[in-house]
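Me: Please take a close look at one part of this model, the packing of one helix pair, and then add what can be said about the surroundings of the ligand and one loop residue.

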Amino acid sequence: MILPAIQERRSVREYETKEVPQALIWEIIQAAQYAPTGMNNRAVEYVVLRGAETKKRLFEILEPKQPFIKEAPAIIIPVTDTRKTIVATADLAIASSFIMTQTTALGLGTVWKHIDPDKAHEVGKFLGLPPEYILINALPVGYPKKKMPDHQEKEFSENKIHQEKW
Ligand SMILES: Cc1cc2nc3c(=O)[nH]c(=O)nc-3n(C[C@H](O)[C@H](O)[C@H](O)COP(=O)(O)O)c2cc1C
């Protein structure tokens, strides 16, 4: 039953300082690597930041400046090689979705931190990415400071489902 885990996923923007074991970060990335990719290109890779200096540098580049970028114990940045995929954004988005689901299932929190294309270029340079690689977001991972309410049944809207025709 994956639906309860999906309902439990919330955007977490405040984290405990407690470190996240590397095995859990690996498990989260393992889940992401099972995500589909266009024509099975499997080109998505992951940059993991744990150092205070690197997280602070990322925080400084990004706008709006959201403190969880430097406060979360770990940051995962999915990246992909545009020479190997024609659907880079979709590949990165679905990998991120798997990251968010698995993170929640492990009792951890995350949030999609959007990165604009111009900032993404700067982040790529700072990470030492080859120029053909792109990124669209950063995903902090950590123990949530507080438990947020799960998504509720009432948020499900049958009105948004169109059968056969809009
Ligand atoms: C494409 C996308 C970009 C987002 N960008 C940000 C962001 O830059 N910063 C942030 O705090 N949350 C960001 N979010 C998280 C949304 O604000 C959040 O998912 C939404 O408010 C619903 O809350 P929930 O995730 O708790 O269900 C983003 C979400 C998506 C899907």
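Reply: The helix pair comes first, then the ligand, then the loop residue. This is a predicted model, in which local features need pLDDT of at least 70, side-chain atom pairs count only at pLDDT 80 or more, and totals for chains, interfaces and linings use all residues. Residues are numbered from 1 along each chain as its sequence is written.

Helix H3 (residues 52-61) packs against helix H6 (residues 117-127) at about 160°, and their axes are 10 Å apart. Helices (H or I, at least four residues) and strands (E, at least two) are DSSP runs, numbered from the N terminus. Axes are lines fitted to C-alpha atoms, for helices over the stretch in contact, and angles run from 0 to 180 degrees between N-to-C directions. H3 is therefore roughly antiparallel to H6 (angles over 145 degrees). The crossing of H3 and H6 is right-handed (the near helix is turned clockwise from the far one by less than a right angle). On H3 the contact (C-beta atoms, placed from the backbone, within 7 Å) involves Arg-57, Leu-58 and Ile-61, and on H6 Lys-119, Glu-122, Val-123 and Phe-126. Four of these contact residues are nonpolar, none is polar and three are charged (Ala, Val, Leu, Ile, Met, Phe, Trp, Tyr, Cys and Pro count as nonpolar, Asp, Glu, Lys and Arg as charged, the others, Gly among them, as polar).

Around the ligand are Arg-10, Ser-11, Arg-13, Gln-66, Val-111, Trp-112, Lys-113 and His-114 (C-beta, placed from the backbone, within 6 Å of it). This shell has two nonpolar, three polar and three charged residues.

Asn-40 sits in the loop between helix H2 (22-33) and strand S1 (45-49). Because Asn-40 has 7 C-beta neighbours inside 10 Å, it counts as exposed (12 or fewer other C-beta atoms, placed from the backbone, within 10 Å of its own).

Technical notes: Buried ≥ 20, exposed ≤ 12 C-beta atoms within 10 Å, placed from the backbone. Parallel < 35°, antiparallel > 145°, perpendicular 65-115°, else oblique. Contact = placed C-beta atoms within 7 Å.
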